[in-house]
Amino acid sequence: MKLLTVNKQFRFVGVKGKGAFEEFGTLVPQAAQEVIVRSGGIESVAGKEIAVFEPKKSHGHLEGEFYVGLLIDAPLDKVPLGMTYMEVLGNYATARGTMEDLQGLHAALLKQTIESGFHINREEYIVEVYIPADTGEEVEIYLPILSQNTAG
């Protein structure tokens, strides 16, 4: 499988959360439910959920921030109270798969990205976009990258 890289912009409205990285599997879905409940006041919704995560920068980095929201088609003038409008732009290595294999997909994408000679950008957010599918839900992962090694 050849590594797919893209330059992409994400616009979304959502809520901010933080906590232990090991608890993101519980915290992120809880925040997503809050967004869904409050989504009636959001204009230009594109119909997909998004989560952006602060990357774990070291073994001792135990807590991080994340945002969960809904993708939108255009910048907003009015943001619902208690929510945040964000634009995230960057270069990414990307992969798509099922939610059931989310951890395996992350691991495979990271491995393939490094093996392809790319540096991971640990200063930018990791992005996940959730797509409704016939058999549940799929996820697109966008891993921020800096550059490709040129040394042989």
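Counting Lys and Arg as positive and Asp and Glu as negative, with His and the chain ends left aside, the chain carries 13 positive and 21 negative side chains. The centres of these two sets lie 5 Å apart. The model described here is a predicted one, and the paragraphs below move from the chain as a whole to its strands and then to a few individual residues.

Two helices and seven strands make up the secondary structure of the chain. Their order along the sequence is β-α-β-β-β-α-β-β-β. With a radius of gyration of 16 Å, close to the 15 Å that the globule rule gives for 152 residues, the chain is as compact as a globular protein of that length. Along the principal axes, its C-alpha atoms fill a box of roughly 55 × 35 × 30 Å. Buried residues account for 42% of the 152 in the chain. The surface that the chain exposes comes to about 8800 Å², and 50% of this area is supplied by carbon and sulfur atoms. As for contacts between residues at least 6 apart in sequence, 75% of them join residues at least 24 apart.

The strand pairings are a good place to look next. Strand 1 (residues 4-20) pairs with strand 4 (residues 84-98) in the antiparallel sense, over eleven bridges. Within this pairing, glutamine 9 has leucine 89 of strand 4 as its bridge partner. Strand 1 is also joined to strand 3 by nine bridges, and these two strands again run antiparallel. Here phenylalanine 12 stands opposite leucine 71 in strand 3.

Strand 3 (residues 63-72) in turn pairs with strand 2 (residues 45-53), antiparallel and over six bridges. One of the facing pairs is phenylalanine 53 with phenylalanine 66, the latter in strand 3. Strand 2 is further joined by five bridges to strand 6 (residues 126-133), also in antiparallel fashion. In that pairing, isoleucine 50 stands opposite valine 129 of strand 6. Followed from one partner to the next, the pairings thus link strand 4 to strand 1, strand 1 to strand 3, strand 3 to strand 2 and strand 2 to strand 6. As a general point, side chains in a regular strand alternate between the two faces of the sheet.

Three residues outside these paired strands round off the picture. Methionine 99 sits in the loop between strand 4 and helix 2. Its relative accessible area of 27% makes methionine 99 partly exposed, since that class lies between the 20% and 50% cut-offs. Leaving out residues up to four places away in sequence, methionine 99 touches Tyr130, Glu137, Glu138 and Val139. The C-alpha atom of methionine 99 is also 8.0 Å from that of glycine 136, a residue 37 positions away along the chain.

Glycine 104 belongs to helix 2 (residues 102-115) and is likewise partly exposed, at 32% relative accessibility. Between the C-alpha atoms of glycine 104 and glycine 14 there are 26 Å in space, with 90 residues separating the two in sequence. Histidine 119 lies in strand 5 (residues 118-120). A relative accessible area of 37% puts histidine 119 in the partly exposed class. Although histidine 119 and serine 147 are 28 residues apart along the chain, their C-alpha atoms are separated by 5.6 Å.

Notes. Residues are numbered from 1 along each chain as its sequence is written. This is a predicted model: local features need pLDDT of at least 70, side-chain atom pairs count only at pLDDT 80 or more; totals for chains, interfaces and linings use all residues. Side-chain values use heavy atoms; hydrogens and water are left out. Helices (H or I, at least four residues) and strands (E, at least two) are DSSP runs, numbered from the N terminus. The radius of gyration is taken over C-alpha atoms; the globule rule is 2.2 Å times the number of residues to the power 0.38. Buried means under 20% relative accessible area, exposed over 50%, partly exposed in between (1.4 Å probe, protein chains only). Contact means heavy atoms within 4.5 Å. Accessible areas come from the Shrake-Rupley method with a 1.4 Å probe; for residues, only the protein chains shown count as cover. The place of a charge is taken as NZ of Lys, CZ of Arg, CG of Asp or CD of Glu. Two strands pair if DSSP finds at least two bridges between them.
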